[in-house]
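Please open the structure in your viewer and keep the selection panel at hand. The tour below goes from one selection to the next and says what is to be found at each stop.

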Amino acid sequence: MSHRITDLRERLDDVAADRANFNLAIISTDRPPVVQREMTHSFVLPSEVIGRDEDKEKFLNLLRNSGDGESTSVVPIVGIGGLGKTALAKLIYNDKWVVENFHNRMWVCVSTDFDLKRLIKRLITSAEEGAKKESGLRLTLPANYDHLGIEELQTLLRSTLTDNKFFLVLDDVWLEDRSEWIELKSLLAVGARGSKIMVTTRVQSVAFSMGTIPPYNLGGLSQDDCLSLFLKWAFKEGEEKEYPGLIKIGKDIVTKCQGVPLAAKTLGSLLFSKFDRRDWLYVRDNEIWRLQQRQSDILPALRLPRFWMAQGLIQSFDENRPIEAIGTQYIKELLSRSFFQDFEDHKWYFQFKMHDLMHDLASLITETECCSDNLNVSKTVRHVSFCDKELDENEIRRVLGELNNIRTICHSLEEGVGWDQHLRYLDLTHNKRLNKLPNSVCKLYNLQALLLEGCDRLEGLPKDIGDLINLRDLKITATQRSLSERVTGKGISCLESLRYLNICYCKNLECLPSELQRLTALRTLIIVDCSNLETRPPSMKQLPALETLIIQDCASLNSMGGNGEDHIQGLKNLRYVLIYKLPKLVGLPEWTHNLTSLETLNIVGCPQLSALPHHMERLTALETLSIWQCPHLIQRCKQRTGEDWHKIAHVPHIVLDGRKETESAITENSERCGGRHPLAQAYISDGSRKLLSGLSCA
């Protein structure tokens, strides 16, 4: 082996020498290749666009009412690929009000390469074509301006647009660097007051970067409109009346489209001039992504975004950046590109939905690596889930034993199997038959997540659990009375890579590990429904990386830890605290005022709490204080009249049993802060389990 390594090094040295001899340059491959979308144009027959009349009128109203304080207003429209943004833009571009109210109309398809020089050329060409359409006159432009440099081109563009009231559509914009848009916008600012720019994009961040008003979020078509569009592409005009049986199948097919016009068009086109019922049933009964498609159809439209083409999404070139932070970045990136819907940020977890088409596409792309409730598993699969109780356990064991390089296992077997050493994610959630985990689990040195929530019969963790040196996420339900360190072996406090610890539904638990301070990487600690737990260990005050602390439904808990100042550096990063239904809790620790990074404090269902700790006014980072179902505490925290009001008067957002404190208090605080007015946004909660709806899937 050593000879092979030496030989390889010599060959690499030769390659490096050749690079120098031939003056070859090192080219970074971080930036993905530019993939241009087919160019769009402005012409449309209104009869070809179905179901967008209401959106058209709403957007025209936005155009009419925009522009206050801006000589040129920018109005974005955003939505996933294939939703019909360009079609709607064409309707608006050719609307009578737009034609009559603007001296010049321009249409430029930007696509993925936001190149300033190229865009200026297209703007000049479009302005020239627009002038011919509107007035029949040609602009006085130099011959062969296509070969001019950037300086001459920008001068030509500004002279073309100066004092002209124009309407510009920038279609399909992808923008990585906002400075490029700022530079182009400054060139367009010479237009007459009232000029409008309409931007279509799939990316929320682009819409917010470019728009002078909030973006218009385009929704899907109704089921009826989607069916009409589908039939328009599946039949010649009037032909559908002859095939009522096919129309009935077509209604089922349209549900696949989820309101996306391009999907309806794609499926309709596939069935054009096909009147055999079997062809229609084939389309109905197969996933849309498995059907033959052209470059202009729905699959290429959704695959186009750069994030879709990138290889290896969760990668970082910054070794110091936690993988959780990278994952959060990608979640937000996918959100900005309309991958997710109904997104809610709850500070310590996200809640969102994925569009069905996106889910189906993701399932197709990962089918060679993922398998769920199927015993016919390819050897290339790396992620498996067996949740169907009807599956034969022996067969599941056989399948798992045959897989190499497995990364994720979700199953509910009573006993462990010979898990692969490469395993990174083991989910045994709600396994009601599991009594004991074999100590062999502790040899899964690559394991990053171990989920044992709801394992009501589990006696405890293996004695050498601390050997899981890469474990980052741990959820546990067990019957044991103590999670303190064992006399022999390595316990929880040895998990020095642990970022997330959720101790839940441990009905017999009386004490937590005594050496929690060794978990120096822990960022989230959640304790839920441990009815016999009476106090927190003092070591909980020494968690320097802890950002989120949740304690819920611990009926016997009467103390949050001792007093003292020894912890001041121990919880310096704590930002979010939720205390929920602790009926015996009589007070918060006096050292609470030293949590100088605390941003959100929620207290719910603690009727014995009668006062806040002293010096709460030192919590200068605190933005939200929400108190529910704590009658004594709420009386003391009422604005001006409460005995504890002076401790919290500086907090911008205070909610007491659903009542947001008045704006006068915020104004008073604003004056105290030198006139800087905090955001006046109430914390929304119904004081129920809705507040904790993400606990089970965090």
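Begin by selecting strand S1 in this predicted model and showing its side chains: Thr72, Val74, Pro76 and Val78 point one way, while Ser73, Val75 and Ile77 point the other way, and all are buried. In a regular strand the side chains alternate between the two faces of the sheet. S1 is thus a mostly covered strand, with seven of its seven residues buried.

Next, widen the selection to the sheet around S1, which is an open one of five strands in the order S2-S3-S4-S1-S5, with parallel pairing. Strand S2 (104-111) and strand S5 (216-217) stand at the edges, and because each has a single partner strand, one side of each is left without a neighbour in the sheet.

The pairings can then be followed one by one from S1. With S4, S1 pairs in the parallel sense over seven bridges, and if you select isoleucine 77 you will find threonine 200 of S4 as its bridge partner. With S5, S1 pairs in the parallel sense over two bridges, and here valine 78 stands opposite asparagine 217 of S5. Moving to the edge strand S2, select it together with strand S3 (residues 166-173), to which seven bridges join it in a parallel run; tryptophan 107 stands opposite valine 169 in S3.

Now add the helices that lie across these strands. Helix H2 (residues 53-65) lies across strand S1 (72-78), S3, strand S4 (195-201) and S5, and runs at about 155 degrees to S1. Helix H3 (residues 85-93) lies across S1, S2, S3 and S4, and its direction makes an angle of about 170 degrees with S2.

Select helix H6 (residues 150-161) next and look down its axis. The buried residues of H6 are Leu153, Gln154, Leu156, Leu157, Thr160 and Leu161, and they cover an arc of only 160 degrees around the axis, which puts them on the same side of H6. A distance check is also possible here: at 1.5 Å a residue, the 12 residues of H6 should span 16 Å, and the end C-alpha atoms are 17 Å apart, which agrees. Just after H6, aspartate 163 takes a positive phi of about 65 degrees.

The same view can be used on helix H7 (residues 178-188), where Trp181, Leu184, Leu187 and Leu188 are buried. Seen down the axis of H7, these buried residues fall within an arc of 120 degrees, so they line one face of the helix.

For a stop elsewhere in the chain, select serine 597, which is placed in the loop between strand S17 (576-580) and strand S18 (600-604). Is serine 597 buried or exposed? Its relative accessibility is 18%, and because buried means under 20%, serine 597 counts as buried. Leaving aside its neighbours within four places in sequence, serine 597 is in contact with Lys572, Asn573, Leu574, Arg575 and Ala621.

Finally, colour the model by pLDDT, whose mean for the protein is 78, with 76% of the residues reaching 70 or more. Over residues 297-313 the pLDDT is below 50, although this stretch has 54 contacts in the model beyond near neighbours in sequence. Residues 563-568 also have a pLDDT below 50, and that stretch has 13 such contacts. Where pLDDT is low, the predicted coordinates should not be read in detail.

Definitions and conventions. Residues are numbered from 1 along each chain as its sequence is written. This is a predicted model: local features need pLDDT of at least 70, side-chain atom pairs count only at pLDDT 80 or more; totals for chains, interfaces and linings use all residues. Side-chain values use heavy atoms; hydrogens and water are left out. Buried means under 20% relative accessible area, exposed over 50%, partly exposed in between (1.4 Å probe, protein chains only). Helices (H or I, at least four residues) and strands (E, at least two) are DSSP runs, numbered from the N terminus. The arc is that of the directions from the helix axis to the C-beta atoms. Two strands pair if DSSP finds at least two bridges between them. Contact means heavy atoms within 4.5 Å. Axes are lines fitted to C-alpha atoms, for helices over the stretch in contact, and angles run from 0 to 180 degrees between N-to-C directions. pLDDT is the predictor's confidence in each residue, from 0 to 100. The expected span of a helix is 1.5 Å times one less than its number of residues.
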